[in-house]
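Reader: Could you take me through one part of this model up close? I'd like to hear how a single helix sits against the rest of the chain.

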Amino acid sequence: MNFKNILNKLKNPQITIFLVLQVGMLLMQFGIDVNNEWLNNTMVIICSILVVLGIMNNPNTKGFHPLEEEK
């Protein structure tokens with residue numbers, strides 16, 4: 001797995017949210033107080049904004065093109 005492939009996977013919002021929540025759980029394991037609900041809500045809002053702006057997308061799907069005919 002090369003670096004470009006890893007960066008491509010980080011464009012998927014679900015993976016980004018999962019990784020941030022895992023870091024939050026790791027911080028909790030070390031005794032740092034982290035509010036998981038706040039962290040989850042914040043990441044969902046940020047990823048939603050990035051999806052709307054077209055910065056984040058799911059690179060494993062072709063996407064939806066309403067004007068193209070189904071084959």
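Author: **A close look at helix α3**

Going along the sequence, the chain reads α-α-α, which makes 3 helices and 0 strands in total. Helices here are DSSP runs of H or I with at least four residues, strands are runs of E with at least two, and both are numbered from the N terminus.

A bit of housekeeping before the close-up. This is a predicted model, with local features needing pLDDT of at least 70 and side-chain atom pairs counting only at pLDDT 80 or more, while totals for chains, interfaces and linings use all residues. Residues are numbered from 1 along each chain as its sequence is written, and side-chain values use heavy atoms, with hydrogens and water left out.

As for confidence, pLDDT (the predictor's confidence in each residue, from 0 to 100) averages 78 over the chain, and 79% of the residues score at least 70. Helix α1 (residues 3-9) has the lowest mean, 78, and α2 the highest, 85.

Now to α3 itself. It covers residues 36-52, 17 residues in all, and runs 24 Å from first C-alpha to last, close to the 24 Å expected at 1.5 Å a residue; the expected span is 1.5 Å times one less than the number of residues. At the N-terminal end, N35 acts as the cap, with a side-chain oxygen 3.2 Å from the backbone nitrogen of E37 (a polar contact is a pair of N or O atoms within 3.5 Å; within protein, one must be able to donate a hydrogen and the other to accept it, and residues adjacent in sequence count only if both atoms are side-chain atoms). Just past the helix, G54 has a positive phi of about 85°.

Which residues of α3 are tucked away? L39, M43 and C47 are buried. They sit on the same side of α3 because they cover an arc of only 55° around the axis, the arc being that of the directions from the helix axis to the C-beta atoms. E37, W38, I45 and V52, on the other side, are exposed. Buried means under 20% relative accessible area, exposed over 50%, and partly exposed in between, using a 1.4 Å probe and protein chains only.

The partner for that buried side is α2 (13-29), which the buried residues of α3 pack against. Seen from α2, the cover over its own buried residues includes α3. Those residues are P13, T16, I17 and G24. They share one side of α2, because their arc around the axis is only 100°. Q14 and Q29 are exposed on the other side of α2, and G31, with a positive phi near 95°, follows the helix.

Two residues of α2 show how the packing works at the level of contacts, meaning heavy atoms within 4.5 Å. T16 is buried at a relative accessible area of 17%; leaving out residues up to four places away in sequence, T16 touches L10, M43, C47 and M56. P13 is buried too, at 15% relative accessibility, and beyond its neighbours within four places P13 is in contact with C47, V51, M56 and N57. P13 and L50 lie 37 residues apart in sequence, with their C-alpha atoms 8.7 Å apart.

Zooming back out, 14% of the chain's 71 residues count as buried. Of the contacts between residues at least 6 apart in sequence, 50% join residues at least 24 apart.
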